[in-house]
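Student: Please take one part of this model, the packing of its last element against its partners, and look at it closely. I would like one connected account, with the cut-offs stated as you go.

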Amino acid sequence: MRGNIAADIGTEELAHMEIVAAIIHQLTRNLTPEEIKNSGFGPYYIDHTTGIWPQSAGGVPFNACEFQSKGDTITDLFEDLAAEQKARSTYENILRVVKDPDVCDVIRYLRAREIVHFQRFGETLARVQEKLNHKDFYAFNPSFDKKER
C-alpha cells in the first residue's frame with residue numbers, strides 16, 4: 001500500500017465518530033423528561049443519561065468485534081470496502097428520516113467521505129491484485145504458502 005491508507009482512513013473514521021457523537025450530544029442535551037419518554041429515548045436515558053454510548057440503532061453496543069481483520073490483504077481490503085458501503089448506506093438512511101438541515105449537512109459531508117474512502121480502498125485493492133498470481137481465478141496471496149529457502 002502506498003503510504004498507510006488504512007491508518008489514514010482509520011484516523012478519519014475516529015473523527016467521524018466524534019462528529020456523530022457531537023451531533024447526538026447537541027440534539028439531546030436539553031431534552032425534558034417528557035420529551036425523553038415520548039421519543040423512545042427512555043431506555044437509553046436510564047442507562048446513560050444523555051452521555052454518548054455508541055451503539056447500533058437496534059441497541060447493540062459498539063465493541064471490538066466491529067473491527068474485522070484476517071491478516072490477509074485481499075480479505076481485509078474487501079472488509080474495508082464493505083464497511084465503507086455500510087457506513088454510506090447508514091448515512092443515506094439517516095438522511096431519509098432526519099430533516100434538520102444542520103444535521104443533514106454534516107451527514108452529507110460524512111457520506112461523501114465514505115465514498116472517497118471506498119474509492120481509495122478500491123484503488124489499493126487494484127494495486128495489490130496487480131502483484132498477485134494472475135493465473136488464479138480468485139485473488140490470494142501465494143507468499144504465505146511458499147516454503148522457506
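**The last helix and its partners**

Tutor: The accessible surface of the protein comes to about 10,800 Å² (Shrake-Rupley method, 1.4 Å probe, with only the protein chains shown as cover for residues), and 56% of that surface belongs to carbon and sulfur atoms. This is a predicted model, in which local features need pLDDT of at least 70 and side-chain atom pairs count only at pLDDT 80 or more, while totals for chains, interfaces and linings use all residues. Residues are numbered from 1 along each chain as its sequence is written, and side-chain values use heavy atoms, with hydrogens and water left out.

The protein contains five helices and zero strands (DSSP runs, H or I of at least four residues for helices and E of at least two for strands, numbered from the N terminus), and from the N terminus on its elements run α-α-α-α-α. Of its 149 residues, 21% count as buried (under 20% relative accessible area; exposed is over 50%, partly exposed in between; 1.4 Å probe, protein chains only). Among the contacts (heavy atoms within 4.5 Å) that join residues at least 6 apart in sequence, 61% link residues at least 24 apart.

The part to look at is helix α5, which covers residues 101–130, and we can begin with its pairing with helix α1, residues 5–28. The two pack at an angle of about 165°, with their axes 11 Å apart (lines fitted to C-alpha atoms, for helices over the stretch in contact, with angles from 0 to 180 degrees between N-to-C directions). α1 and α5 are therefore roughly antiparallel to each other (over 145 degrees; under 35 is roughly parallel, 65 to 115 roughly perpendicular, the rest oblique). Their crossing is left-handed (the near helix is turned anticlockwise from the far one by less than a right angle). On the α1 side, the residues that meet α5 are Ile5, Ala6, Ile9, Glu12, Glu13, His16, Ile19, Val20, Ile23 and Leu27; on the α5 side, their counterparts are Val103, Val106, Ile107, Leu110, Arg113, Glu114, His117, Arg120, Phe121 and Thr124. By class, this contact of α1 with α5 has twelve nonpolar, three polar and five charged residues (Ala, Val, Leu, Ile, Met, Phe, Trp, Tyr, Cys and Pro are nonpolar; Asp, Glu, Lys and Arg charged; the others, Gly among them, polar).

Two residues of α1 show this contact in detail. His16, placed in helix α1, counts as buried because its relative accessibility is 3%. Leaving aside its neighbours within four places in sequence, His16 is in contact with Tyr91, Leu110, Arg113, Glu114 and His117, and Leu110, Arg113, Glu114 and His117 are among the α5 residues that meet α1. Ile23 is likewise in helix α1 and is buried, with a relative accessible area of 11%. With the same sequence neighbours left aside, Ile23 is in contact with Val103, Val106 and Ile107; the C-alpha atoms of Ile23 and Ile107 are separated by 9.7 Å, although the two residues lie 84 apart along the chain.

Tyr109, a residue of helix α5, is partly exposed at a relative accessible area of 45%. Tyr109 and His16 are 93 residues apart in sequence, and their C-alpha atoms are 9.8 Å apart in space.

Helix α5 also has a partner in helix α4 (residues 73–97), against which it packs at an angle of about 160°, with the axes 9 Å apart. That makes α4 roughly antiparallel to α5, and the crossing of α4 and α5 is left-handed. By class, the contact of α4 with α5 has 16 nonpolar, six polar and seven charged residues.

Within α4, Asp76 counts as buried at 17% relative accessibility. Not counting residues up to four places away in sequence, Asp76 touches Gln68, Ser69, Lys70 and Gly71. The C-alpha atoms of Asp76 and Leu125 are 9.6 Å apart, across a sequence separation of 49 residues.

One residue ahead of α4 deserves a note on its backbone: Thr49, in the loop between α3 (42–48) and α4. Most residues other than glycine have a negative phi. Thr49, although it is not a glycine, has a positive phi of about 50°, and with a relative accessible area of 43% Thr49 is partly exposed.
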